[in-house]
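Me: I'm new to this one, so let's go through it with plenty of "why" and "how do you know". Can you show me what we're looking at?

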Amino acid sequence: MNDLVGLAPEQVERISKARERVIDSIGKNMDLYGITLSIGHLYGYMYFNQGPVTLDELSRTMGMSKTSMSTGVRTLLDLKMIDKVWGKGTRKDLFEVVPDWHQNFSDYFSIKWRKAVEGNMSALSKSLNEIRQMKSDYADEPEVEQLLNTDEVKIEEAIKYYRWLLKLIEALETGKIFELIPKES
């Protein structure tokens, strides 16, 4: 981190230690959400960096291969936690953190939840159609029909939940969530 250049060694050590504690905490926190510890550390490092960085700089600073850095950066770009930016006088790609943690949270969960909801809704819909077809096929068998009715109700309840979750995702994506739970200023 080039912002420490010119400081006394003791100052560099103390500031670095405080930052490293936060970077490690960010990494551990992101690990809880299914992002690897190393990508969490990468984000933490970029968060404290003063300005955009190249893959080479990241690789050198973090002691990881350029390939690993590239994978980590791609993941953070996909999650909208960092941006690719233009830098005057350089042909290398530059990346910088999106510092709005509220937006990072919203983007991360809306991306992950939307993907899960779409897959689950598809499975539920397919099973619901099959159950309704079986109800027709076995209309003269009360025990089977009763069982299918119970399953149909359970699947319809699950679909209601996923419709609600889609509304929550929309509230995250549009920022309406912050009307209900305001950001601290």
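Reply: Sure. The structure holds 12 salt bridges. Before we go on: this is a predicted model, where local features need pLDDT of at least 70, side-chain atom pairs count only at pLDDT 80 or more, and totals for chains, interfaces and linings use all residues. Residues are numbered from 1 along each chain as its sequence is written, and side-chain values use heavy atoms, with hydrogens and water left out.

Me: What makes Asp 56 and Lys 92 a salt bridge?

Reply: The term asks for a side-chain nitrogen of Lys or Arg within 4 Å of a carboxyl oxygen of Asp or Glu. For Asp 56 and Lys 92, the closest N and O atoms are 2.3 Å apart, so the pair fits the definition. Asp 56 sits in helix α3 (residues 55-62) and Lys 92 in the loop between β1 (82-85) and β2 (94-97), 36 residues apart. Those helices (H or I, at least four residues) and strands (E, at least two) are DSSP runs, numbered from the N terminus.

Me: Why is Asp 56 called partly exposed?

Reply: Buried means under 20% relative accessible area, exposed over 50%, and partly exposed in between (1.4 Å probe, protein chains only). Asp 56 has 21% relative accessibility, so it counts as partly exposed. Its partner Lys 92 is partly exposed too, with 47%.

Me: And why is Glu 152 called buried?

Reply: Because its relative accessible area is 11%. Glu 152 forms a salt bridge with Lys 135, the closest N and O atoms being 2.6 Å apart. Lys 135 lies in helix α5 and Glu 152 in helix α6, so the pair ties together parts 17 residues apart in sequence. Arg 132 and Glu 156 join these two in a network of salt bridges.

Me: How do you know that Ser 106 is buried?

Reply: Ser 106 has a relative accessible area of 1%, so buried is the word. You'll find Ser 106 in helix α5 (residues 101-137). Leaving aside neighbours within four places in sequence, Ser 106 is in contact (heavy atoms within 4.5 Å) with Leu 172 and Phe 178.

Me: What are the domains, and how do you know their bounds?

Reply: The bounds come from an automatic or database domain assignment, which gives domain 1 (7-95) and domain 2 (99-178). The contact between them takes 10 residues from domain 1 and eight residues from domain 2.

Me: How many salt bridges are there between domain 1 and domain 2?

Reply: The count is zero.
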